[in-house]
Amino acid sequence: MSYCPNCGKATHSQYLDGRDRLVCPDTECGFIAWNNPIPVVAVIVETPAGVVLAHHVSWPDKKKYSIITGFLEAGEDPKEAACRETREELGLIPESPTLIGVYPFARANQVIIAYHLHAHGDILLNEELDACKVVPRNKMKAWPFGTGLAVADWLAELSQSGSATSDHGQ
Ligand SMILES: [Zn+2]
């Protein structure tokens with residue numbers, strides 16, 4: 001943010017509340033870019049055949065697949081956002097979302113609020129996604145950052161409860 005979004009003056013870096021922030025030089029304007037993380041909802045969508053992983057159209061790596069993610073609408077309950085993203089991005093009917101946990105994702109300056117839910121119907125990808133695959137829960141592998149932390153916790157919970165290979169929820 002090189003220019004103040006309030007008054008258009010060039011911002012400069014200043015040490016404030018323990019960190020360097022971009023601030024507006026105009027003391028009357030007083031704008032400070034706090035750069036607070038944005039909350040994002042992530043959803044482990046599990047159909048009777050397995051967990052749906054999708055490739056986003058903007059990802060150059062064609063082999064990269066992830067669980068579903070999306071931004072919250074203003075005033076929206078994160079749990080409802082998880083259901084909405086499932087309907088919008090995959091065309092599936094979601095049911096009984098449960099919170100897995102909340103995770104930092106510093107690289108993207110986000111905080112991930114992760115849910116698991118069961119879903120049914122026929123997958124119909126929206127324009128944000130161009131490929132998907134369905135992975136049985138006992139074949140799921142986590143990745144060590146971002147939404148992968150939620151997948152790891154979900155898998156750990158499954159193995160503790162002994163339901164890693166069961167067809168729970170069908
Ligand atoms: Zn300003």
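Two strands are said to pair if DSSP finds at least two bridges between them. In this predicted model, strand 1 and strand 2 (residues 19-23) meet that condition, pairing in the antiparallel sense over 5 bridges.

## The sheet of strands 1 to 3

Strands of a sheet pair through backbone hydrogen bonds, in either a parallel or an antiparallel sense. Here an open sheet of 3 strands has the order 1-2-3, with antiparallel pairing. Its edge strands are strand 1 (12-16) and strand 3 (32-33), each of which pairs on one side only.

Individual residues show how these strands are aligned. H12 stands opposite V23 in strand 2. Strand 1 and strand 2 form a hairpin with 2 residues between the strands, and in this hairpin D17 takes a positive phi near 50°. On the other side of the sheet order, strand 2 and strand 3 pair in the antiparallel sense over 2 bridges. Within strand 3, A33 is the bridge partner of L22.

## The chain as a whole

The chain contains 2 helices and 9 strands. Read from the N terminus, its elements run β-β-β-β-β-β-α-β-β-β-α. The radius of gyration is 19 Å, well over the 15 Å that the globule rule gives for 170 residues, so the chain is more spread out than a compact globule. Along its principal axes, the C-alpha trace spans about 60 × 35 × 35 Å.

The domain assignment divides the chain into domain 1 (1-35) and domain 2 (38-161). The C-alpha centres of domain 1 and domain 2 lie 35 Å apart.

Two further values describe the packing of the chain. Of its 170 residues, 24% are buried. Among contacts between residues at least 6 apart in sequence, 58% join residues at least 24 apart.

## The two helices

The table sets out the two helices.

| Helix | Residues | Number of residues | Expected span | Distance between end C-alpha atoms |
|---|---|---|---|---|
| Helix 1 | 78-90 | 13 residues | 18 Å | 18 Å |
| Helix 2 | 147-161 | 15 residues | 21 Å | 22 Å |

For helix 1, the expected span follows from 1.5 Å a residue, and the distance between its end C-alpha atoms agrees with it. The distance for helix 2 likewise agrees with its expected span.

Which residues of helix 1 are buried? They are A81, A82, C83, E85, T86, E89 and L90. What covers these buried residues includes strand 4 (38-47), strand 5 (50-56), strand 6 (68-71), strand 7 (93-105), strand 8 (110-120) and strand 9 (129-135). Helix 1 is followed by G91, whose phi is positive, near 70°.

In helix 2, the buried residues are T147, L149, A150, V151 and W154. The buried residues of helix 2 pack against strand 4, strand 6, strand 7 and strand 8. After helix 2 comes G162, with a positive phi near 75°.

## The nonpolar core

In soluble globular proteins, nonpolar side chains tend to be buried together. The largest nonpolar core of this model has 28 residues. Those with the most contacts inside the core are V41, A42, V43, I44, V45, A114 and A150. Strand 4, strand 5, helix 1, strand 7, strand 8 and helix 2 each supply at least two residues of this core.

I44 may be taken as an example. Leaving aside neighbours within four places in sequence, I44 is in contact with V51, I67, H116, A150, V151 and W154. Of these partners, A150, V151 and W154 are among the buried residues of helix 2.

## A proline in strand 4

P39 lies in strand 4. Is P39 buried or partly exposed? A residue counts as buried if 20 or more other C-beta atoms lie within 10 Å of its own, and as exposed if 12 or fewer do. P39 has 14 other C-beta atoms within 10 Å, and is therefore partly exposed.

Not counting residues up to four places away in sequence, P39 touches L72, V111 and I113. P39 and P78 are 39 residues apart along the chain, and their C-alpha atoms are separated by 9.2 Å.

Note on methods: Residues numbered from 1 in each chain as written. Predicted model: local features only at pLDDT ≥ 70, side-chain atom pairs only at ≥ 80, totals over all residues. Helix = DSSP H or I, 4+ residues; strand = E, 2+ residues; numbered from the N terminus. Domains from an automatic or database assignment. Rg over C-alpha atoms; globule rule 2.2 N^0.38 Å. Contact = placed C-beta atoms within 7 Å. Expected span 1.5 Å × (residues − 1). Core = buried A, V, L, I, M, F, W, Y, C linked by C-beta atoms within 7 Å.
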